[in-house]
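Subject: Handover of the structure and notes on its geometry

Dear colleague,

I am passing on the structure we spoke about, together with my notes on it. Please have it open while you read, since the notes move from the whole chain to single residues.

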Amino acid sequence: MSQPITDTRSTADSFPRLHARTRRFTLGAPRGVTVSPDGGRVVFLRSRGGTDPVTCLWSLEVETGEERLIADPREVDDTDVEDLPAEERARRERAREQAGGVVGYATDRAVTRAVFPLSGKLYLAEFAGGLTPRLIETDGAVIDPRLDPTGARIAFVSGGALHLHLIAARTTTTLLVPEGDDVTYGLADFVAAEEIDRMRGYWWSPDGDALVVARVDEAAVPVWHIADPANPDRTPAAVRYPAAGTTNPAVTLDVVGLDGSRTPIGWDVERDEYVVDVVWDDRGLFVVVQPRDQKALRMLAVDPATGTTTLVDEETDPVWVDATPGLRVHTASGALVKLAHRDGAHRVLVDGEPVTPPDLQVRSLLDVDGDTLLISGSTTPASVRLWTWDAVGGLVPVSPEEGVHSGRFSGGTYVRTSTDLASPAATTVRTADGADVVEREIASFAAEPNVELRISLHRAGERRLQTALLLPSWWEPGVPLPVLMDPYGGPHGQRVYAARNPHLTSQWFAEQGFAVVVVDGRGMPGRGPEFERAVHLDLAQPVLDDQVDALRALAVENPDLDLTRVGIRGWSFGGFLAALAVLRRPDVFHAAVAGAPVTDWELYDTHYTERYLGHPAVEKAAYERSSLLADAATPASEDRPNRPLMVVHGLADDNVVAAHTLRLSSALLAAGRPHQVLPLSGVTHMTPQEVVAENLLLLQVQFLRDALGVPAPPA
């Protein structure tokens with residue numbers, strides 16, 4: 001077993017410092033697991049210590065239990081990140097703000113080789129033989145390299161062009177060259193990567209003799225400029241941002257031969273402009289597409305020789321159809337597996353027939369091993385359990401009922417990562433050949449937090465909302481506690497889990513003298529499609545009402561909650577909700593910290609915003625009632641007094657741009673409403689800078705203490 005790098009942190013480190021240094025206690029934990037088809041090898045990413053930000057590539061030989069370090073970036077690369085082109089630096093920061101080193105890799109089908117980019121360079125690693133990863137010389141910074149299934153070739157993107165490297169011959173050719181500055185080949189567009197969770201822009205054929213490649217043309221997408229006010233000599237960065245109601249990138253697909261020949265794939269791109277996924281397996285080539293209104297999801301069979309398409313599966317919904325890569329796959333025997341909602345639940349369907357019950361809300365289809373499925377889902381919202389399913393044995397649970405569990409499954413080998421409220425995440429490997437069972441553990445080097453949870457989970461209010469209550473470790477019943485609401489609140493942003501790590505920051509805030517309340521309201525997963533769709537055409541009032549209802553219900557059960565001193569904090573959608581709370585319900589909320597808030601939904605991207613609020617040209621009222629600007633522009637009154645509000649925003653944020661906060665501040669100022677704005681120079685949507693992350697927590701606590709009159713906790 002490889003040993004972690006020695007942890008050099010001081011035992012006197014504060015929680016904010018340790019929280020920042022460990023990237024929220026994620027460094028040193030295994031992730032990014034791949035299991036070989038024969039079940040004999042498990043590949044994963046992990047840094048060598050709980051405060052080590054450099055992610056390494058590892059493998060575990062299941063039979064022997066041998067764990068090997070395949071690639072440590074410190075040993076194979078000496079490129080300074082500052083030497084990379086500005087475009088590549090920005091892309092790496094957007095995609096992987098919380099990690100460094102080997103942040104992603106791709107293997108061949110048999111999992112004998114892997115490729116990965118490191119500081120813009122391309123490396124090839126062999127899992128057998130103990131060889132040092134080989135540098136493959138390329139012109140320009142490399143993005144998203146992928147081995148073909150046979151392991152003989154590597155495709156990669158550089159300069160917006162798609163390139164092909166033959167490993168044995170050590171030659172590189174360019175397959176596709178962009179026709180202009182606004183065109184790329186082989187990359188996911190902004191909407192796909194940010195909202196659909198499709199991070200790739202090309203796919204290999206099963207035999208490695210062709211690819212499907214996305215062509216993205218952003219020429220018609222509006223140009224936004226992200227300035228750096230702290231450095232006025234620098235030219236603002238121009239980015240193409242598809243804001244709600246504006247033009248999306250034009251995405252088309254081609255079947256591309258190894259000689260660069262192209263066959264366009266034809267479908268109604270005017271109707272179905274979102275490319276959700278491409279599936280190319282032994283059953284054929286398929287493309288999954290979606291219209292802009294997101295009320296349908298269509299799977300099209302493609303003839304690779306001609307590019308013609310035929311509809312093979314379609315889901316429709318009057319509100320929206322969820323779009324996520326991996327929703328449609330085939331078993332070894334050719335059955336079509338998909339996720340869809342039936343009878344008020346998210347269910348797995350095999351050849352059109354539900355195989356999961358209505359009381360199980362399926363979260364995801366994790367893997368298909370032959371004709372066996374690995375499924376994650378919830379019977380209670382706070383826990384995520386694992387099941388396998390096949391036609392013979394049916395649905396079988398393969399994880400404990402409580403806690404949060406994820407996994408991979410291939411070649412009969414099952415990798416499970418499990419955690420609960422009392423335990424850190426643990427990753428185990430289990431494989432069975434008849435009665436011969438082999439179990440291994442993949443060690444986690446993650447740092448232990450220096451807070452212990454004092455938490456209880458509740459189902460609060462009329463809608464039985466999933467709610468967590470965290471109390472100071474030093475508190476005794478009978479002593480009133482001011483309340484701090486700590487939500488995300490937005491659709492699909494669940495916060496209340498039966499797991500330890502999601503609640504650590506809330507517990508630290510509790511130790512500062514608060515009863516911290518976390519509420520998952522309408523729009524959250526785990527409760528079914530109807531619960532998720534309750535925010536349709538209104539992202540403000542339902543989520544705010546749920547915070548108020550749960551808080552008041554919880555106070556009935558816990559009379560020590562002091563409802564005369566209630567603060568709220570949040571980031572992104574949570575920042576929107578925090579500002580909304582003090583503007584629209586100052587009778588309930590008495591102070592707020594709003595981080596990177598969305599204040600005007602017409603400034604947010606197409607796919608996310610239009611799913612919930614529709615097109616702004618059609619649903620203008622939905623955007624108005626979900627905006628903060630009208631509330632901010634209303635002068636304070638006796639009925640709606642002004643409450644202390646601190647707004648925090650990174651000036652380099654290209655997801656929720658700083659214009660959101662600037663427009664909110666202007667409206668508040670025009671209405672004579674005092675507030676604070678904390679601009680963060682050089683910071684994007686979530687800061688990876690250790691000092692900034694640490695001090696942000698400390699500043700929030702001080703602001704809330706001053707605003708609510710909360711004394712410092714006992715020493």
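What follows covers the overall form of the chain, two backbone angles and a set of charged pairs.

Please keep in mind throughout that this is a predicted model.

Overall form

The chain has 715 residues, and its radius of gyration of 26 Å agrees with the value near 27 Å that a compact globule with that number of residues would have. Taken along the principal axes, the box filled by the C-alpha atoms is roughly 75 × 55 × 55 Å. The secondary structure consists of 13 helices and 44 strands. Of the 715 residues, 56% are buried, and among contacts with a separation of 6 or more, 59% are made by residues 24 or more positions apart. The accessible surface amounts to about 28,400 Å², with carbon and sulfur atoms contributing 51% of it. As for charge, the chain carries 66 positive and 100 negative side chains, and the centres of these two sets are 2 Å apart.

Backbone angles you may want to check

Two residues other than glycine have a positive phi, and I describe each with its surroundings. Asp-144, with a phi of about 50°, belongs to strand β10, which covers residues 143–147. Its relative accessibility is 19%, and because the limit for a buried residue is under 20%, Asp-144 counts as buried. Ser-572 has a phi near 65° and sits in the loop between β41 (561–571) and α8 (573–584). Ser-572 also counts as buried, at 12% relative accessibility.

Salt bridges

The count of salt bridges comes to 42, and I have picked out three pairs and one network.

The pair of Glu-694 and Arg-17 has its closest N and O atoms 3.1 Å apart. This salt bridge links distant parts of the chain, given that Glu-694 is in helix α13 (residues 690–708) and Arg-17 in helix α1 (residues 15–21), 677 residues apart. The two partners can be described separately in terms of accessibility: Glu-694 is buried at 8%, while Arg-17 is partly exposed, with a relative accessible area of 34%.

In the pair of Glu-61 and Arg-41, the closest N and O atoms are 2.8 Å apart. Glu-61 lies in strand β3 (residues 54–61) and Arg-41 in strand β2 (residues 41–47), so this salt bridge ties together parts that are 20 residues apart in sequence. Both partners count as buried, Glu-61 at 18% relative accessibility and Arg-41 at 14%.

Asp-228 and Arg-234 also meet through their side chains in a salt bridge, with an N to O distance of 3.4 Å. Here Asp-228 counts as buried, at 18% relative accessibility, whereas Arg-234 counts as exposed, at 53%. Apart from these pairs, salt bridges with shared partners join Glu-179, Arg-215, Asp-217, Asp-254 and Arg-262 into one network.

If you look at one pair before the others, I would suggest Glu-694 and Arg-17, whose salt bridge joins helix α13 to helix α1.

With best regards

Key. Residues are numbered from 1 along each chain as its sequence is written. This is a predicted model: local features need pLDDT of at least 70, side-chain atom pairs count only at pLDDT 80 or more; totals for chains, interfaces and linings use all residues. Side-chain values use heavy atoms; hydrogens and water are left out. Helices (H or I, at least four residues) and strands (E, at least two) are DSSP runs, numbered from the N terminus. The radius of gyration is taken over C-alpha atoms; the globule rule is 2.2 Å times the number of residues to the power 0.38. Buried means under 20% relative accessible area, exposed over 50%, partly exposed in between (1.4 Å probe, protein chains only). Contact means heavy atoms within 4.5 Å. Accessible areas come from the Shrake-Rupley method with a 1.4 Å probe; for residues, only the protein chains shown count as cover. Lys and Arg count as positive and Asp and Glu as negative; His and the chain ends are not counted. The place of a charge is taken as NZ of Lys, CZ of Arg, CG of Asp or CD of Glu. A salt bridge is a side-chain nitrogen of Lys or Arg within 4 Å of a carboxyl oxygen of Asp or Glu.
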